[in-house]
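User: I have a model open and would like to go through its layout step by step. Please keep the answers short.

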Amino acid sequence: MIRICMIGTGYVGLVSGSCLADFGNTVRCVDIDTDRIDTLQKGGMPIFEPGLQDMVIRNIESGRLIFTTNLKESVENSDVIFVAVGTPSFPDGSTDLSYVTEASISIAQHLNGYKVIVQKSTVPVGTTRSLEKILREHAPKDAHFDMVSNPEFLREGSAVADFLRPNRVVIGVESDRARETMREVYRPLYLIETPNLMTTLETAELVKYASNAYLATKISFINEMAAICEEVGADIDDVAKGMGLDQRIGSKFLHAGIGFGGSCLPKDVASLVHLAKTKGYDPGIIEAVLEINRSLAPRAVDKVRNVLGTLSGKTIGVLGLAFKPNTDDLREAPSIRIITQLIKEGADVRVFDPVAMDAFESAVGLAVVRCKNAYDAAENCDGLLLVTEWNEFREMDLTRLHKVMRKPVFIDCRNVYKPERMKEVGFRYDSFGRGVEQGGSK
Ligand SMILES: NC(=O)c1ccc[n+]([C@@H]2O[C@H](COP(=O)([O-])OP(=O)(O)OC[C@H]3O[C@@H](n4cnc5c(N)ncnc54)[C@H](O)[C@@H]3O)[C@@H](O)[C@H]2O)c1
């Protein structure tokens, strides 16, 4: 059993801390956000993540999981200290390292005995080594610790399952003692034969960025193909299917639509572009990936404006606010850019999301009408945009939806519905890369 301190209780820290406690370790989760710690101590959840609450409660009850704001006591009573705080982007794409730096300085002041300090936040290549210097400057002279880079690959919405059964564990580690400690931390994953890669600090850091940049590239690639499909009258669903059946390509991440958002892909790709440029290399492919992705939200608005002529005075419904289903995370959500533009052009916007309504109201603060379900959001609308493909939006009663709308204009930003079916129901339906169904009179 290893004594662990997890600094940061966001999507990554909370999930990783709870899962590591479930592995049998003792985990102290520390945050500077006192409200968040209060909520967690009472068994409440500051974020929406399927399966997380049960796991948290189970491990609090077993005494293996503790939530606290007391960093000193947590560091002193731990063998391994994970840092899982935010690393947001600056507007130029560079990474704000202030949270990881502050966390490192705080850790340094309480070091006693040998510790392994693990960077789980996604940080630009070279950061873990720079943080080691900062730690040494602020730590007692006799402090004894090793640095490890252990990037996280979980996905919001399936984070618990991803942590418990990852495709791989990547560990940048340069001392035998820290290597053995990390093996012990992840012992249950080794027992189920999870592939693992032990490498240098810099390589581990780059594996994370390279993986996210590659996934983003697949998405932007298929979206570029979707735009070409619209020009030449081809069908992106079949193009993606035909490509994906090639085992060298694979079918995952070849779903055309409105592109990627969230707290990871956009910021990590931008950070990699920035890093490469500061080193004098022009990363042409991944810069284009971002540019294509940025063009997609405006295209969704173009699609509805093209049908209605103008958005001024029109009522538009938006289904889905979170950047993807099964999360309440709104960071870099395409919904925000779409709604901002709709409002700017004079539309009234009605919105519904199964989980992210409160988060949207408090964090985004755009003037929209909050609705209680998809049909309510569509009520008297001149156009409806399906922006996040929550399951409940995949199985809607289309006839009812058609009936409540003023004009049956449906823009499917996630290519959820079959164009022929939407035409049959009477919608004027458009999606990405599949042609426009011209039905839709009322
Ligand atoms: N969200 C994801 O899906 C995901 C996946 C893989 C990797 N990552 C990376 O993991 C890191 C964390 O992401 P997140 O989404 O969990 O962030 P988040 O914003 O949800 O959570 C960060 C938490 O850290 C806390 N914090 C900040 N400074 C602190 C300090 N000095 N001491 C204690 N707590 C502090 C904040 O209060 C917050 O609760 C980022 O680098 C991110 O890129 C995120």
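User: Which strands does H10 lie across, and at about what angle does it run to E7?

Analyst: This is a predicted model. H10 lies across strand E6 (144-149), strand E7 (169-173) and E8. Relative to E7, H10 runs at about 150°.

User: What is the strand order of the open sheet with mixed pairing?

Analyst: That sheet has eight strands. Strand E3 (65-68) and strand E8 (196-199) stand at its edges, each with a single partner strand, so one side of each is left without a neighbour in the sheet. Direction ignored, neighbouring strands are turned by 20° against each other on average. The order is E3-E2-E1-E4-E5-E6-E7-E8.

User: Which residue of E2 is the bridge partner of Arg3?

Analyst: Strand E1 (residues 3-7) and strand E2 (residues 26-30) pair in the parallel sense over five bridges. In E2, the bridge partner of Arg3 is Thr26.

User: Is Val173 buried or exposed?

Analyst: Val173 has its place in strand E7. Not counting residues up to four places away in sequence, Val173 touches Val148, Ala178, Arg179, Met182 and Met198. A residue counts as buried if 20 or more other C-beta atoms lie within 10 Å of its own. Val173 has 24 other C-beta atoms within 10 Å, so Val173 is buried.

User: Which domains does the assignment give, and what distance separates the centres of domain 1 and domain 2?

Analyst: The domain assignment gives domain 1 (3-199), domain 2 (208-294) and domain 3 (296-430). Between domain 1 and domain 2, 12 residues of the former are in contact with 10 residues of the latter. Taken over C-alpha atoms, the centres of these two domains are separated by 30 Å.

User: Which helix gives the most residues to the largest nonpolar core?

Analyst: The largest nonpolar core has 72 residues, and those with the most contacts inside it include Val269, Ala300 and Ile338. Eight residues of this core come from the helix that gives the most, helix H10 (residues 201-232).

User: From which domains does this core draw at least three residues each, and how many residues does the second core have?

Analyst: The largest core draws at least three residues from each of domain 2 (208-294) and domain 3 (296-430). A second core is separate and includes Tyr11, Cys29, Val56 and Leu154. The number of residues in this second core is 56.

User: Which residues is Ile338 in contact with, leaving aside its neighbours within four places in sequence?

Analyst: Ile338 is among the residues with the most contacts inside the largest core. Leaving aside neighbours within four places in sequence, its contacts are Ala297, Ala300, Val301, Val318, Leu385 and Val387.

User: How is the open sheet of six strands ordered, and which strands are at its edges?

Analyst: The order is E11-E10-E9-E12-E13-E14, with parallel pairing. Two strands of this sheet pair on one side only. These edge strands are strand E11 (369-370) and strand E14 (428-430).

User: At about what angle does H15 run to E9?

Analyst: Helix H15 (residues 334-344) lies across E9, strand E10 (348-352) and E12. Relative to E9, H15 runs at about 175°.

User: Which element gives the largest share of the shell around the ligand?

Analyst: Of the 27 residues around the ligand, Gly8, Gly10, Val12, Ser121 and Thr122 come nearest. The elements that give two or more residues to the shell are helix H1 (11-22) and helix H5 (98-109). The largest share, four residues, comes from H5.

Notes
Residues numbered from 1 in each chain as written. Predicted model: local features only at pLDDT ≥ 70, side-chain atom pairs only at ≥ 80, totals over all residues. Core = buried A, V, L, I, M, F, W, Y, C linked by C-beta atoms within 7 Å. Buried ≥ 20, exposed ≤ 12 C-beta atoms within 10 Å, placed from the backbone. Domains from an automatic or database assignment. Contact = placed C-beta atoms within 7 Å. Pairing = 2+ DSSP bridges. Axes fitted to C-alpha atoms, helices over the stretch in contact; angles between N-to-C directions. Near = placed C-beta within 6 Å.
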